[in-house]
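Open the model in your viewer and keep the selection box at hand. Each stop gives you something to select and then says what is there.

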Amino acid sequence: MVRIVAGGRGALAEVRTEMLAVGLFKDDAPPPELGAAASALPSGDFSGKRGETALLYAPDGLAARRLLLVGLGERSRFGLDEVRRAAATAAKRARSLKLDEAAFALPTQEGSAARVPAAEAAAEGAALGLYRFDRHKTGEETRELSTFALVPDDAGVAEGAQTGEKIAAAALLARDLANEPSNTATPEYLAERARGISDRHGMRITVLDRATIEAEGLNGLATVGRSADNEPRFIVLEHRKGGAEDAPVVLVGKAVTFDSGGISIKPSAGMQDMKYDMCGGAAVLGAMEAVGAMDLSLNVVALVPATENLPGGDAFKPGDVLKLHSGKTVEILTTDAEGRLILADALSYARRYDPSCVIDCATLTGACHVALGDHASGLMGNDDALVEEVRRAGDAAGEKAWPLPLFEEYTEQIKGDTADLKNSGGRYGGALTAGAFLKEFAEGYPWAHLDIAGTAYDSKSRNAYTPKGATGAPARTLVEFLRGRAKAEEAAR
Ligand code: BES
Ligand code: MN
Ligand code: ZN
């Protein structure tokens, strides 16, 4: 694991390192601090386009052995996500050069006031960009970058670097859990990893097994999980560092460790990606790791319903009717709309915590991926202010989420014939009818729902800090949201 520190005192020219990375805006002249070094570059070789790089050796007048110029793109479009990308680009280049350490000059526009968030973003970007999921590859000797120093070396930068590493850890844990194949990442495995979080950070954990899930009336989870030999789990992780009287934020994450579709089985092409159907649960557990590491003064409860969805002699079938935890009944039109059944149980279970709000995240519908593409999660809810708060958190984290409507017509579309509801609203508006279904169970508190089917994983790299596989989204959104809530509660105290 790379160590990210504040380093390099004095002027850029004096930073002693194997590689100094400096970001440049498009069509800008190199900063005067670089002296003669950057002007050695023939004009036309480097324009400062986002992601573009140029490596110079033994740069004239610099103490650094190498100078890496990294394009930041247009000055007018600069933001924290450009810092994440540039830091990731620099860290990965240093690693591919097999260096032990490298330094990164923080690009800031407004001077030192913006250094803390820039340091956070740079640390996040470097840690996220260096991520590889290679634990199942045998015999490959991989060399890791050991230190990535953010310049300048001051207290704000040091603090930002530490916070950024903790935020990145949320997404890194989410990626690790989600990339892990379903033969390893079973519901009990997720429970075991949640116990690890609880041990590290002094959280309270309760894991309900199959018998307790049934006894609690979590029938959606019990039913989806019934035919699987890897038994379902309902994971409850509680961080209680807010005021004793303060209502907790409840996070809910869908964790279908493998979604075959069940009796309504999915086509086999691409089915391997359904190991990622636990990305919502992975993001929630990742966020809890950061909440613990940052010791946020806030009450947070994580609920992760975890199960496989498999066909079998004991499997639930189309036409079946179940009574969910809330008491509402559902007619099953397709066993492939299983996520909403286990989430419905968790959402009504959440009421016992009398939450200040509930946010769920789930790889819920292919329709959401179709609607928004790869670039934004679908965002729905029953409270406009909360939806806006989540949207902003996503924006700050570089994990876009975009509001979608829950008109009552969508609720009409899922009214049941033989039961209160049906678990599918048909082909059109699939993300919205799924959201409308959840809304029936998110009663008595402000609620927001993130459909991450298009954003939680990809078969290609998304940007410099997001390699292919699980992206970790929306773990950093959740952390950003919770930080905001912790700050607000502290201010109110
Ligand atoms: N896990 C899937 C949704 C999904 C599909 C996520 C593709 C990522 C990529 C979910 O359980 C599902 O199967 N949803 C169905 C719902 C439909 C049957 C009403 C879907 O989206 O097709
Ligand atoms: Mn499904
Ligand atoms: Zn699913």
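**Stop 1: an aromatic pair**

Select Phe407. Its relative accessible area is 48%, so Phe407 is partly exposed. Keep in mind that this is a predicted model. Now add Tyr410, which is buried at a relative accessible area of 18%. The structure holds 7 aromatic pairs.

Next, select Tyr276 and Tyr457. Their rings are stacked, 4.4 Å centre to centre with 15° between the planes. Tyr276 sits in the loop between S10 and helix H7 (279-294), and Tyr457 in strand S19 (residues 457-458), so this pair ties together parts that are 181 residues apart in sequence. Colour by accessibility: both Tyr276 and Tyr457 are buried. Return to Phe407 and Tyr410: the ring centres are 5.9 Å apart and the planes at 20°, so this pair is stacked.

One more aromatic selection: Phe234, Tyr349 and Tyr353. Together these three form one aromatic cluster.

**Stop 2: the zinc ion**

Select the zinc ion (ligand 3) and show its contacts. Its protein donors are Lys254 (NZ), Asp259 (OD), Asp277 (OD) and Glu338 (OE), lying 2.0 to 2.4 Å from the ion. What is the arrangement of the 6 donor atoms around the zinc ion (ligand 3)? The angles they subtend run from 78 to 176°, which makes the arrangement octahedral. Along the chain, the donors follow the spacing K-x4-D-x17-D-x60-E.

Trace two of the donors back to the fold. Asp259 lies in strand S10 (residues 255-259), while Glu338 lies in the loop between strand S13 (329-331) and helix H8 (339-349), so the pair ties together parts that are 79 residues apart in sequence. Asp259 counts as buried, at 3% relative accessibility. Glu338 counts as buried too, at 1%.

**Stop 3: the manganese ion**

Keep the zinc ion (ligand 3) on screen and add the manganese ion (ligand 2). The two ions lie 3.2 Å apart, and Asp259 bridges them. The manganese ion (ligand 2) has as protein donors Asp259 (OD), Asp336 (O), Asp336 (OD) and Glu338 (OE), at 2.0 to 2.2 Å. Note that Asp336 appears with both O and OD.

Check the geometry here as well. The 6 donor atoms around the manganese ion (ligand 2) subtend angles of 71 to 168°, which makes the arrangement irregular. In sequence, its donor residues are spaced D-x76-D-x1-E. Click on Asp336: its relative accessible area is 24%, so Asp336 is partly exposed.

**Stop 4: the largest pocket**

Show the surface and go to the largest pocket. It holds about 600 Å³ of space. Its lining counts 27 residues, and the closest to the pocket's centre are Lys266, Leu364, Thr365, Gly366 and Ala367. Select those five to place yourself at the centre.

Which elements each supply at least two residues of the lining of the largest pocket? They are H8, helix H9 (366-372) and helix H12 (430-439). H9 gives the most, with 3 residues. Colour the lining by class and you get 7 nonpolar, 12 polar and 8 charged residues.

Stay on H12 for a moment. This helix is mostly covered, with 9 of its 10 residues buried. Select the buried ones: Gly430, Ala431, Leu432, Thr433, Ala434, Gly435, Ala436, Phe437 and Leu438.

**Stop 5: the cavity**

Hide the pocket and look for enclosed space. There is 1 cavity of 30 Å³ or more. The largest cavity has a volume of about 40 Å³. Select its lining: Ser377, Gly394, Glu399, Lys400, Ala401, Leu450, Ala473, Pro474 and Thr477. By class, that lining divides into 4 nonpolar, 3 polar and 2 charged residues.

**Stop 6: an exposed loop residue**

Finish at Asp417. Find it in the loop between helix H11 (408-413) and strand S17 (421-422). Is Asp417 buried or exposed? Its relative accessible area is 68%, so Asp417 is exposed. Now add Glu331 and draw a C-alpha to C-alpha distance. Asp417 and Glu331 are 8.0 Å apart in space, with their positions 86 residues apart in sequence.

Technical notes. Residues numbered from 1 in each chain as written. Chains lettered and ligands numbered in written order. Predicted model: local features only at pLDDT ≥ 70, side-chain atom pairs only at ≥ 80, totals over all residues. Heavy atoms only, no water. Donors = N, O, S within 2.8 Å, 3.2 Å for Na, K, Ca; no water. Tetrahedral: all angles 85-135°; square planar, octahedral: opposite > 155°, others 65-115°. Helix = DSSP H or I, 4+ residues; strand = E, 2+ residues; numbered from the N terminus. Buried < 20%, exposed > 50% of the residue type's maximum accessible area, 1.4 Å probe, protein only. 1 Å grid on protein atoms, 1.4 Å probe; cavity = no way out; pocket = protein on both sides within 12 Å on 5 of 7 lines; lining within 4 Å. Points joined across faces, edges and corners; volume = space filled by probe spheres on them. Nonpolar A, V, L, I, M, F, W, Y, C, P; charged D, E, K, R; others polar. Phe/Tyr/Trp six-rings, centres within 6.5 Å; stacked < 30°, edge-to-face > 60°.
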